[in-house]
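Trainee: Hi, I have a new structure to get to know today. Could you walk me through it?

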Amino acid sequence: MKLLFLTCLLAVFPVVSMKSPIFGPQEVSSVEGGSASITCYYPATSVNRHTRKYWCRQGAKGRCTTLISSEGYISKDYEGRAKLTNFPENSTFVVNIGHLTQNDSGRYKCGLGISSRGLNFDVSLEVGQGPGVGDDTEVYIADLGGTVTINCPFKSENSEKRKSVCKKTGQLCVLVTDSSGYVNPNYSNRTDIDIDGTSQVTFSFIIKRIQLSDAGIYVCQAGDDSSNDKHNVDLQVLKPEPELLYGDLRGSVTFDCALGSEVADVSKFLCRMSKGEDCDVVINTLGKKSKDFEGRILLTPRSQGFFSVHITGLRKEDAGYYLCGAHSDGQPHEGSPTQIWQLFVNEETTMPQSPSVVKGVVGGSVAVLCPYNPKETDSLKYWCRWEDTQNGRCQQLVESEGLVNEQYEGRLALYKEPGNGTYTVLLNQLTNEDAGFYWCLTSGDTRWRSTVELKIVEGEPSLKAPKNVTAWVGETFKLPCHFPCKYYSYEKYWCKWSNKGCKTLPTQDDGPSQAFVNCDQKSQIISLTLSPVAKEDEGWYWCGVKEGHRYGETMAVYVAVEERVRGSQDVSQVRAAPGEEVESSVRKTENKVIQDPRLSVEDRPVKDTGDLAGESRASVDTDSSAGQGRSSKVLVSTLVPLGLVLALGAVVVGVLRARHRKNVDRISVRSYRTDISMSDFENSREFGANDNMGASQVTQETSLGGKDEFSATTGNTMETEEPKKPKRVRVRREMAREIFLETATFRFSKCIIGEHGELD
């Protein structure tokens with residue numbers, strides 16, 4: 001019976017051609033004396049809203065004669081009983097016709113254009129015999145799925161006799177039901193005879209949940225003999241007129257189903273009638289959903305048996321006939337309450353085309369373009385994630401007024417750009433769990449809702465930047481982002497994220513990036529500089545690319561802002577960037593050695609180093625005692641070996657310089673000679689911080705009286721005789737030896753510094 005019911009419905013609703021953007025009811029039924037209302041839809045463009053609308057009747061050879069138009073024309077046959085009304089805000093016009101006769105039955109067109117050859121849609125109007133008595137037969141009209149009560153009169157002498165109803169089938173009259181309790185299986189649980197009492201002269205024959213097959217001639221009978229009473233009834237079942245639903249390709253539609261309060265607690269469903277004999281369930285309240293509608297359908301139960309079904313991302317194959325219904329198993333059944341819909345999908349849509357699928361990689365990002373009605377620029381924009389719950393659910397993630405789901409803080413933003421009917425949603429820090437379906441919504445026209453599917457694929461993000469970094473209050477902080485060469489012509493930017501978007505910040509171009517081995521000089525590093533860093537600078541920062549008003553890939557970095565602990569600055573710098581800081585330390589120490597020669601000889605720097613370490617330890621806050629201990633150990637282990645090496649080097653240099661002075665100063669000035677040797681000094685500690693390296697702190701004098709004398713010395717003077725050599729050769733040799741030893745000593749001390757850190 002279920003298959004027969006659906007087969008009959010499919011026979012009533014043949015396949016509709018969807019090539020024309022004009023859409024209306026394919027068939028309209030009424031009865032004599034009644035009326036008909038035909039609604040025709042057209043694409044929502046400025047031209048269509050203002051162009052001529054018409055209703056014409058098809059004749060021979062395809063000619064269509066206009067009966068009424070939006071410009072005021074009306075034929076004589078339609079005068080006083082027809083009206084055409086345009087509703088530009090809904091992109092529809094309605095033709096109302098009253099006082100129908102059977103002569104009004106025929107083929108018609110509703111359309112747009114200056115002639116009947118414009119855009120149009122075919123409509124069939126059928127007018128049947130009206131209710132009443134004609135030729136001893138009473139006519140009853142009933143709606144499919146409704147209830148009809150037929151009154152059967154009889155004479156009083158037959159009041160005690162058997163009452164029955166049969167249906168004519170050819171030459172036979174097949175019994176449907178009688179007063180003894182018999183019911184034909186085809187009418188089981190749907191029909192009944194009601195007899196008020198023997199004093200009455202009528203009985204009632206009731207048919208519930210009327211089917212198309214119930215139409216026909218019935219005979220009511222009281223009594224079985226020749227004196228019985230018979231009454232003929234013609235039951236006409238009106239072909240169901242589906243509710244029309246007009247949607248744009250990639251747009252959305254809503255089925256508002258009203259089945260009545262008697263099925264308020266019964267499971268609801270929406271099914272789609274296929275070309276076969278089935279009505280395939282699209283969604284029901286028991287959790288079933290068609291795979292073809294996954295991620296783009298929601299069912300919302302309402303009160304008093306009402307419910308709505310919303311479908312987004314319309315495809316041209318979605319067009320066709322649908323049934324809203326209610327049954328305990330959530331499936332269509334014959335006789336169950338139903339409501340019929342016809343969905344038309346306009347392929348000539350003005351809705352901007354956007355990808356239905358976007359792809360991203362783990363750690364990367366996606367940019368989704370969402371359409372909205374350009375007339376509703378000030379409407380709220382939303383983005384939600386579809387969830388496969390019992391009736392479907394779409395959890396809101398972000399809106400244009402600043403609300404962001406806390407689980408998506410720092411990685412989701414909604415931009416009103418590029419505008420003019422499109423806004424942008426950016427999602428980064430992608431994970432495999434982000435794969436799924438997302439909806440673009442506005443607070444305005446629901447027909448502009450759309451769906452996009454996010455897929456996570458293999459690969460790596462194109463942009464490269466650190467995920468988490470730490471900046472120090474009061475210092476200068478530089479945050480780099482590496483862009484591959486494919487984004488050379490794009491605009492690059494840094495911005496700070498907030499729940500109201502991502503505010504663009506000033507940046508600088510640091511030239512080619514070395515992070516992409518397969519790129520040429522077109523790869524770039526764009527850096528963000530915070531100077532000086534403040535506590536309010538903490539938060540999420542994005543680097544990204546854009547082309548005009550269209551956003552592309554983004555990368556998120558979280559910057560934590562902290563205050564340095566006294567005494568731990570240099571150590572933390574070494575940890576943060578060891579190569580750069582050690583090199584800097586070598587340069588600093590090298591400069592100190594050159595500028596302050598006392599560090600090369602005296603024991604005092606080593607002692608001062610210990611004192612400095614002690615002072616440093618004393619100045620560290622008690623809350624960071626562990627860090628101070630490590631810092632002190634590093635200073636001691638670095639400065640003690642360094643001091644010893646410098647002292648040894650200073651001694652060697654002093655000895656060599658003394659020997660050099662002995663030889664150089666031994667010169668003749670006429671008959672006078674000055675002779676200075678190493679034995680003239682008390683000890684090597686007298687080589688101090690004086691500019692004359694190798695000279696004693698005690699005053700030195702030269703006697704010009706013909707004898708070698710050295711006054712104001714406390715020790716014995718000893719002179720070492722050397723073989724006679726040319727003075728110039730001897731001086732150059734000694735100078736070369738001195739320079740070699742000084743250079744070797746300095747390089748050795750520099751190596752020691754590189755291993756142990758910077759000397760303070």
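Mentor: Happy to; we can go from the overall picture to some details, keeping in mind that this is a predicted model.

Trainee: Great. How many helices and strands are there in the protein chain?

Mentor: The protein chain has 7 helices and 43 strands. Of its 760 residues, 45% count as buried.

Trainee: And what about the surface, how much does the chain expose?

Mentor: About 40,200 Å² is exposed, and carbon and sulfur atoms supply 49% of that area.

Trainee: What share of the contacts comes from residues 24 or more positions apart?

Mentor: Counting contacts in the protein chain with a separation of 6 or more, 64% are between residues 24 or more positions apart.

Trainee: Since it's a prediction, what is the mean pLDDT?

Mentor: The mean is 76, and 70% of the residues reach 70 or more.

Trainee: Where does the pLDDT stay under 50?

Mentor: One such stretch is residues 569-632, for which the model has 60 contacts beyond four places in sequence. Over residues 755-760 the pLDDT is below 50 too, and that stretch has 15 contacts beyond near neighbours in sequence. Where pLDDT is low, the predicted coordinates should not be read in detail.

Trainee: Good to know. Let's switch to sheets: in what order do strands 11, 14 and 15 sit in their open sheet?

Mentor: The order is 11-15-14, with antiparallel pairing. Strand 11 (148-153) and strand 14 (191-194) are the edge strands, each pairing on one side only. On average, neighbouring strands of this sheet are turned by 20° against each other, direction ignored.

Trainee: How many bridges join strand 14 to strand 15?

Mentor: There are 4 bridges between strand 14 and strand 15, and strand 15 covers residues 202-207. As an example you can find on screen, Asp 194 has Ser 204 in strand 15 as its bridge partner.

Trainee: What about strand 20 and strand 21, how do they pair?

Mentor: Strand 20 (residues 268-273) pairs with strand 21 in the antiparallel sense, over 5 bridges. Met 273 has Cys 279 in strand 21 as its bridge partner.

Trainee: And why is strand 21 described as largely enclosed by the rest of the structure?

Mentor: Strand 21 spans residues 279-284, and 5 of its 6 residues are buried, so the rest of the structure largely encloses it.

Trainee: You mentioned a cysteine there. How many disulfides does the structure hold?

Mentor: It holds 10 disulfides. One of them joins Cys 257 to Cys 324, with an S to S distance of 1.7 Å. This pair links distant parts of the chain: Cys 257 is in strand 19 (residues 253-258) and Cys 324 in strand 24 (residues 320-326), 67 residues apart.

Trainee: Are Cys 257 and Cys 324 buried or exposed?

Mentor: Both Cys 257 and Cys 324 are buried.

Trainee: Could you show me another disulfide? What does Cys 56 form a disulfide with?

Mentor: Its partner is Cys 64, and their sulfur atoms are 1.8 Å apart. The link of Cys 56 and Cys 64 is right-handed, with 95° about the S-S bond. Cys 56 and Cys 64 are both buried.

Trainee: And Cys 384, which residue does a disulfide join it to?

Mentor: Cys 384 is joined to Cys 394, S to S 1.9 Å. The torsion about their S-S bond is about 85°, so this disulfide is right-handed. Cys 384 is buried at a relative accessible area of 1%, whereas Cys 394 is partly exposed at 22%.

Trainee: Why does Cys 394 count as partly exposed?

Mentor: Because buried means under 20% relative accessible area and exposed means over 50%, with partly exposed in between. Cys 394 has a value of 22%.

Trainee: Last topic, the backbone. Which peptide bonds should I look at?

Mentor: Try the one from Glu 417 to Pro 418, which is cis with omega near 5°; Pro 418 lies in strand 30 (residues 412-418). The bond from Ser 531 to Pro 532 is also cis, with omega near -15°. Pro 532 is in the loop between strand 39 (524-530) and strand 40 (539-547).

Trainee: What about phi, what value does Ser 91 have?

Mentor: Phi of Ser 91 is near 60°, a positive value in a residue other than glycine. Most residues other than glycine have a negative phi, and most peptide bonds are trans. Ser 91 sits in the loop between strand 5 (82-87) and strand 6 (92-97), and counts as buried at 5% relative accessibility.

Notes:
Residues numbered from 1 in each chain as written. Predicted model: local features only at pLDDT ≥ 70, side-chain atom pairs only at ≥ 80, totals over all residues. Heavy atoms only, no water. Pairing = 2+ DSSP bridges. Helix = DSSP H or I, 4+ residues; strand = E, 2+ residues; numbered from the N terminus. Axes fitted to C-alpha atoms, helices over the stretch in contact; angles between N-to-C directions. Buried < 20%, exposed > 50% of the residue type's maximum accessible area, 1.4 Å probe, protein only. Disulfide = S-S within 2.5 Å. Contact = heavy atoms within 4.5 Å. Areas by Shrake-Rupley, 256 points an atom, 1.4 Å probe, with all protein chains shown as cover. pLDDT = per-residue confidence, 0-100.
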